[in-house]
Each structure stands twice: as C-alpha cells, then as structure tokens.
Amino acid sequence: DQTASTWILQARNSLIIKDFYVFGNNFTLLPSQIQAANPILVLIFTPLFTLLIYPFVNRFVKVTPLRKITFGMLIAGFSFVIVAWIENRIQQGLETHIYWQFMAYTILTAAEIMVSITALEFSYTQSPNKLKSIIMGLFLLSVSLGNTITTVVNRYIIVEETTSFEIIGGEKTFILLSDLNKNYNEGDKIEFKNSLDILEVNQELKTENVILGGTYVLVNFKKNRAEIVNAMDRSAIKTIVGTNAKTQLFKYTLQGAKYFYFFACLMIITAILFIFVAKFYHEKTYIQHASDVE
C-alpha cells in the first residue's frame, strides 16, 4: 500500500528522471502515473505464473500454496531494498531513472501474485463451510492491520523538540542551532511545526513570502550551521532577510533509505518466520457440495 504514498513521494523528487522514449517520441511520466504499472503487471503475471512458471517449478519442487506465500513475502522485501537504494542515491544528490522504481514495482507485483491471490484462495479452501465468510473477513482485516503497523511506525519515528534558532538569509538560507551537531546528522529531515514566513528572491528578483512549513533537509554542515533546502528537489532557498525564531521541530529517527530498509527487513523476517508455520500446518480442504446448501 505504500506504493500509493511513500513511493509516489519518492518519484516526485526532481532527481528521479521520468522521461522515456517510445518509437522516437519523448514522454514524461507524472509521479502518480507509475502506479499504473501494478494493475498492468497483475494482468500479465497472473496467466504467466499459472500457465508457465508454476508448472515449470513444479517439475523440480512441489508448488504448494504455503510455499508460494513464503517465497512471495521474501521477494516483497527485496522490492523495498531497491526503493531504499534509490532513496540513498537521492540523498547523495545523484540522478536515477524511474526505470529502477518500475523494477521495484515488478518484483512487488510478482510477490502480490504469490501472496495476495494465493492467500485469498487458501483462506477460502481451508475454512469450514460455515466459517468461510468470517475467515474471508479476517483475511481482509489483516490488510488493515498491516496498514496499522505502518501508521504506528510512522508515529513513533518522530522526535519532537522545541528550540530557538536563527535564520540567515542570502543566496542560500541557513539556520543556526546550538545543539545541531549533537542532535542532527548529515542529511536529516526536519519539519517546522509552526509556519515561519521569510522573504525569498525568485528568478525575477521579486520578493515573495515563503512559508517554512513541511519537510526540509539539513545538509552542508559548517560548525553549527545547516542549509535549508527543499526536500523534494533539493533546490536552494534564496532569502534577503534573516530572523530569529522559536518553534517546535520534528525530527525523524527513521528517514531516507533507512525507512525503506526497515520495512524490507520486516517483510524478510516475517517470511522466515512463516517457514515454520508452513512446516507444521496440515492442509485440509473443505469442499462445498450441493448437499451442504439446503
């Protein structure tokens, strides 16, 4: 589900090249359009796995629903490894083509074919006839529980602190924090809880108000000074005034590539634990006969 949130935010970065050529024509994708890869790949992969991949693998290893789910969860983690690698390049200021994110979508969709579709069928066949509706409801509940885990993680990776700092204007905008080196690391993202208005010089050399709300990146440490740049395209903020401010800042303990590596590890660990579940579970299919429906 993060393909509709964090992955799109990553694709919005100006360091992600979204241009591609088809039959000599240049097209530019919007950040949200890369999501279309998932339903298209589902339509392609479903018959591909059913008619070709599963029969081929079954020649060497028996393909069972639990083995599909286990392997699917395992490779799902690697899709987040790719996204983490992309994020790491962004933090280093390196350009990366959207093709790499498409590769992550491809791996994640393959995992979806093996996990989601298989688990949906498995939940139905393994539940007694009188409990099929309840079990299917519990299957759907597991999706919401997964999203709840993400919400809890996002809540507890935020560290709030109130501090005073000085904004220094110029061709670039810097902030001075007395405890900057102690509490922050190179490339950390901070969020200003309260809106701070400063005057920015745009390309036409006109002044306009800029609200320092939202997420910015701390880079280029020099003593206790850090530059404020736009988190999406890492562009400099040019200002003509400086100001003193006291506000609440949000810092994230898991950010950048670490955020995606965390979920990658979580999925891989879950897949490993599921191996033991698959080993001790004894399948029993409940087939619904016409005589049962009376």
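Begin by selecting phenylalanine 45 in this predicted model, and look for its contacts with Thr106, Thr109, Ala110 and Ile113, leaving aside residues up to four places away in sequence.

Next, widen the selection to helix 2 (residues 37–58) and helix 4 (residues 98–126), whose axes come within 9 Å and cross at roughly 60 degrees. An angle under 35 degrees would count as roughly parallel and one from 65 to 115 as roughly perpendicular, and helix 2 and helix 4 are therefore oblique to each other. As you turn the view, notice that helix 2 passes helix 4 in a right-handed crossing. On the helix 2 side of the contact you can pick out residues including Leu41, Val42, Phe45 and Phe49, while those they meet on helix 4 include Phe102, Tyr105, Ile113 and Ile117. The residues of this contact divide into 12 nonpolar, 5 polar and 1 charged.

Now select Trp7, Phe45, Phe49, Phe80, Ile113 and Phe260, which have the most contacts inside the largest nonpolar core, a set of 35 residues. Helix 1 (6–11), helix 2, helix 3 (65–91), helix 4 and helix 7 (257–280) each give two or more residues to this core. A second, separate core has 8 residues, among them Leu66, Ile69, Ala119 and Phe122.

Finally, show helix 4 together with helix 5 (residues 132–156), where the axes lie 8 Å apart at an angle of about 155 degrees. Because angles over 145 degrees count as roughly antiparallel, this description applies to helix 4 and helix 5. Their contact includes Ala119, Leu120 and Tyr124 of helix 4 and Ile135, Met136 and Phe139 of helix 5, and its residues divide into 6 nonpolar, 3 polar and 1 charged.

Definitions and conventions
Residues are numbered from 1 along each chain as its sequence is written. This is a predicted model: local features need pLDDT of at least 70, side-chain atom pairs count only at pLDDT 80 or more; totals for chains, interfaces and linings use all residues. Side-chain values use heavy atoms; hydrogens and water are left out. Axes are lines fitted to C-alpha atoms, for helices over the stretch in contact, and angles run from 0 to 180 degrees between N-to-C directions. Helices (H or I, at least four residues) and strands (E, at least two) are DSSP runs, numbered from the N terminus. A crossing is left-handed if the near helix is turned anticlockwise from the far one by less than a right angle, and right-handed if clockwise. Contact means heavy atoms within 4.5 Å. Ala, Val, Leu, Ile, Met, Phe, Trp, Tyr, Cys and Pro count as nonpolar, Asp, Glu, Lys and Arg as charged, and the others, Gly among them, as polar. A nonpolar core is a set of buried Ala, Val, Leu, Ile, Met, Phe, Trp, Tyr and Cys residues joined through side-chain atoms within 4.5 Å. Buried means under 20% relative accessible area, exposed over 50%, partly exposed in between (1.4 Å probe, protein chains only).
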